[in-house]
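Work through the exercises below with the model open beside you, and try each task before reading its solution.

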Amino acid sequence: MVIRKYQQTDCEKLVDLFYRTVHTVNAKDYTKEQLSAWATGSVDLQKWNNSFLEHYSLVAVEGNTIVGFGDIDKTGYLDRLYVHKDYQRKGVATAICNGLERAVQGKITTHASITARPFFEKRRYVVLKEQCVKRQGIVLTNYVMEKHR
């Protein structure tokens, strides 16, 4: 597995990986209605691309397949971290997260899904609060988590 910086040509593949991951990996913790509100299948590619370019964004590649990605901004907000459904529990998220955490100084904050919470807790993130966020009128639970270094 290779971890490399994001390239603009990755954007469509990352959007597809995001959609597929949410609708499979997160299905055990969220309803179909919640999953559809979270990952609609329709995103603004230019907006996502700009966000990846503004953040420190990493992509995990196995052979010719993108198996995961993540990004963090300059303030230490870890925005996205998604791993292909067939590459779960193989160290992909750990490798990406290690790279993202090294890119910033000070504390790191993320809004972790119910599914991702145990991963972040193993990395010494603590839950600051549980929150309910609305996506297209549908309520989803996640956790504001923080890690001090």
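**Exercise 1. Place Val67 in the chain and decide whether it is buried or exposed.**

Solution. Val67 is a residue of strand 3, where strands (E, at least two residues) and helices (H or I, at least four) are DSSP runs numbered from the N terminus. The model is a predicted one, in which local features need pLDDT of at least 70, side-chain atom pairs count only at pLDDT 80 or more, and totals for chains, interfaces and linings use all residues. Residues are numbered from 1 along each chain as its sequence is written, and side-chain values use heavy atoms, with hydrogens and water left out.

The next step is accessibility, for which buried means under 20% relative accessible area, exposed over 50%, and partly exposed in between (1.4 Å probe, protein chains only). Val67 has a relative accessible area of 0%, and therefore it is buried. For its surroundings, take contact to mean heavy atoms within 4.5 Å; leaving aside neighbours within four places in sequence, the contacts of Val67 include Met1, Leu17, Tyr82 and Val92. From Val67 to His23, 44 residues away in sequence, the C-alpha distance is 16 Å.

**Exercise 2. Describe the order of the elements and the overall form of the chain.**

Solution. Begin by counting, which gives five helices and seven strands. Read from the N terminus, they follow the order β-α-α-α-β-β-β-α-β-α-β-β. The radius of gyration is 15 Å, close to the 15 Å from the globule rule for 149 residues, so the chain is as compact as a globular protein of that length; the radius is taken over C-alpha atoms, and the rule is 2.2 Å times the number of residues to the power 0.38. The C-alpha trace spans about 35 × 35 × 30 Å along its principal axes. Of the 149 residues, 46% are buried, and among contacts with a separation of 6 or more, 62% join residues 24 or more positions apart.

**Exercise 3. Find the residues that touch the most other members of the largest nonpolar core, and the elements that build this core.**

Solution. A nonpolar core is a set of buried Ala, Val, Leu, Ile, Met, Phe, Trp, Tyr and Cys residues joined through side-chain atoms within 4.5 Å. The largest one has 20 residues, and Phe18, Trp38 and Phe69 touch the most other members. Two or more residues each come from helix 1 (11-25), helix 2 (32-38), helix 3 (45-54), strand 2 (56-62) and strand 3 (65-72), with helix 1 giving the largest share, six residues. Apart from this core lies another, of 19 residues, with Leu78, Ala93, Ile96 and Tyr125 among them.

**Exercise 4. Follow Trp38 to Asn26, and determine where Asn26 lies.**

Solution. Not counting residues up to four places away in sequence, Trp38 touches Phe18, Val22, Asn26, Tyr30, Tyr82, Ser113 and Leu140. Asn26 sits in the loop between helix 1 and helix 2, and because its relative accessibility is 5%, Asn26 counts as buried. Beyond neighbours within four places in sequence, Asn26 is in contact with Thr21, Leu35, Trp38, Ser113 and Thr115.

**Exercise 5. Locate Arg89 and Arg124, and give the phi of each.**

Solution. Arg89 lies in the loop between strand 4 (77-83) and helix 4 (92-102), and its phi is positive, about 60 degrees, although Arg89 is not a glycine. Arg89 is exposed, at 81% relative accessibility. Arg124 lies in the loop between helix 5 (117-122) and strand 6 (126-135), with a positive phi near 75 degrees, and Arg124 is exposed, its relative accessible area being 59%.
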